[in-house]
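Welcome! Let's walk through a structure together, one question at a time.

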Amino acid sequence: MSQELIDYSRKALIFAVQLLGSQSDAEDVVQASVEKALAHPKAPKGGIDLQKWLYRVVRNAAIDRIRQLSREDELDTDQQITSNQSPERQLEQLQIKTRLMQALSALPVMQRELIVLRDYHGNSYEDIAEILAIPAGTVMSRLHRARMALRELLKNELNEVNHESV
């Protein structure tokens, strides 16, 4: 396996974790996707085309996994805490991350993947359009709606927290 594919696989793993919310499910999806990349005769051999192709394969596999999990009615979310911070700061960061991940998980997968691809992975609108096989203009409008939906979920959660503490 080339170093380039290894690097893209690491990025794809992060993408898969963000879509699935589970490290182990994401690892399974990425492993199967890399195997497919190595075995598929029409897979790009390198460069940004390989990265976009791998993201598309991972995305499709993640969607399949989400469907399978929804049929099984169980979805795990694993959270990680970073060190080098005070315990109070770690707790605060974990709470923020947990709220964001919960809100992100509550979004439909189409909205979630747009936010993850753009805001977490820094893909351009054109790259996202190619990964998702939709026009770039559609990416922009759907991403805007996805961010508004995420903002609304976070706002509603904040209102609930404020009402509970009163």
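Q: Which residue forms a salt bridge with Asp127?
A: A salt bridge here is a side-chain nitrogen of Lys or Arg within 4 Å of a carboxyl oxygen of Asp or Glu. For Asp127, the closest N and O atoms of the pair are 3.4 Å apart. The partner is Lys52.

Q: How many residues apart are Asp127 and Lys52?
A: Asp127 sits in helix H6 (residues 125-132), and Lys52 belongs to helix H3. Helices are DSSP runs of H or I with at least four residues, strands are runs of E with at least two, and both are numbered from the N terminus. The pair links distant parts of the chain, with a separation of 75 residues.

Before going on, a word on the model: it is predicted, so local features need pLDDT of at least 70, side-chain atom pairs count only at pLDDT 80 or more, and totals for chains, interfaces and linings use all residues. Residues are numbered from 1 along each chain as its sequence is written, and side-chain values use heavy atoms, leaving out hydrogens and water.

Q: Is Lys52 buried or exposed?
A: Buried means under 20% relative accessible area, exposed means over 50%, and partly exposed lies in between (1.4 Å probe, protein chains only). Lys52 has a relative accessible area of 10%, so Lys52 is buried.

Q: Which residue is linked with Lys52 and Asp127 in a network of salt bridges?
A: Asp127 is itself buried, at 16% relative accessibility. The network of salt bridges joins Lys52 and Asp127 with Glu130.

Q: Which residue forms a salt bridge with Arg65?
A: The closest N and O atoms of this pair are 2.9 Å apart. The pair links helix H3 (residues 47-72), home of Arg65, with helix H2 (residues 23-39), across 40 residues. Both partners are buried. The residue that pairs with Arg65 is Asp25.

Q: Is Arg10 buried or exposed?
A: Arg10 meets Asp7 in a salt bridge (3.3 Å, N to O). Both lie in helix H1 (residues 3-20), three residues apart, about one turn of the helix. Asp7 counts as partly exposed because its relative accessibility is 32%. With a relative accessible area of 52%, Arg10 is exposed.

Q: How many salt bridges are there?
A: The pair Asp7 and Arg10 is one of them. By the same distance rule, the count comes to six.

Q: How many helices does the protein have?
A: Along the sequence, the pattern reads α-α-α-α-α-α-α. There are zero strands, and the number of helices is seven.
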